[in-house]
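Student: I'm new to this structure and would like a close look at a single part. Could you walk me through the salt bridges?

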Amino acid sequence: MSEYSFKEAVCQETLACYSEKLFAGTSGNLSCYDRANGLIYITPGSYPYEIMKPEDIMVIDIDGNVVEGPHKPSSEWRLHTWIYKKMPQVNAVVHTHSPYATSFAVVHKTIPVILIEMVPFIGGDVPVADFGVPGTDRVGETAAETLIEHERNACLMANHGVVAVGDSLPRAHVRATYVEDAATIYHHAVTTGMDIHLISEEDIALMKKR
Ligand SMILES: [Zn+2]
């Protein structure tokens with residue numbers, strides 16, 4: 001893939017996430033990692049999505065040094081580099097503030113396995129990573145630790161949002177979408193006041209086998 005194609009892919013997925021309302025204002029950030037060249041293509045910090053073009057996507061190295069681009073990289077670049085360093089199978093990171101999922105991040109509540117999609121796409125329930133002050137290493141450290149410990153493709157970030165990962169941007173994006181979908185449906189199910197039935201551990205194991 002050419003450098004422009006990477007920028008185009010990041011821009012396209014970002015605008016798709018924005019139109020799905022997975023983040024508001026200038027929040028949220030996406031990246032993909034070209035491991036062969038050690039380059040990370042990441043959204044610029046505090047830049048309006050309405051005018052974002054592939055040329056606005058920043059290129060940084062694994063230590064956050066700017067290689068190319070007209071802006072500053074996302075202030076959460078450490079979230080991305082921590083995950084890329086700790087998870088060698090991951091080449092794309094999608095960070096959202098999607099409202100239903102983030103509401104569970106605010107109450108520090110794991111989203112249990114209520115939908116079949118959660119097993120293949122997320123790997124099970126959606127755990128909550130400890131709080132990290134935005135822009136610090138701690139944000140990336142706790143997110144990476146939680147994803148690895150629970151063997152998940154997505155987790156909540158306490159009082160902050162969602163992070164989803166994958167070997168490609170479309171895969172990380174769809175996982176972020178399923179986190180919000182599960183959170184929305186769980187929220188509506190809880191508000192009925194009726195009993196919630198989770199998918200059993202046994203059935204989760206059977207689904208993972210298939
Ligand atoms: Zn954020």
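**A close look at the salt bridges**

Tutor: Happy to! Let's begin with a pair inside one helix: the side chains of E141 and R138 form a salt bridge, with 3.3 Å from N to O. Please keep in mind that this is a predicted model. Both E141 and R138 belong to helix α5, which covers residues 137-150, and they sit 3 residues apart, about one turn of the helix. How accessible are they? E141 has 26% relative accessibility, so it counts as partly exposed. R138, at 33%, is partly exposed as well. Behind such pairs is a simple idea: side chains of opposite charge can pair when their charged atoms come close.

Next, let's turn to a pair that joins two separate elements. The side chains of D63 and K85 meet in a salt bridge, at 3.6 Å from N to O. D63 is in the loop between β3 (58-60) and β4 (66-68), while K85 is in helix α2 (residues 77-86), so this salt bridge ties together parts that are 22 residues apart in sequence. D63 itself is partly exposed, because its relative accessibility is 49% and the exposed class begins over 50%.

One more pair is worth finding in the view. D167 and R171 are linked through their side chains by a salt bridge of 2.6 Å, N to O. D167 is partly exposed at 41% relative accessibility, and R171 is partly exposed with a relative accessible area of 41%.

To place these pairs in context, the structure holds 6 salt bridges, including the one between E141 and R138 in helix α5.

Terms used. Residues are numbered from 1 along each chain as its sequence is written. This is a predicted model: local features need pLDDT of at least 70, side-chain atom pairs count only at pLDDT 80 or more; totals for chains, interfaces and linings use all residues. Side-chain values use heavy atoms; hydrogens and water are left out. A salt bridge is a side-chain nitrogen of Lys or Arg within 4 Å of a carboxyl oxygen of Asp or Glu. Helices (H or I, at least four residues) and strands (E, at least two) are DSSP runs, numbered from the N terminus. Buried means under 20% relative accessible area, exposed over 50%, partly exposed in between (1.4 Å probe, protein chains only).
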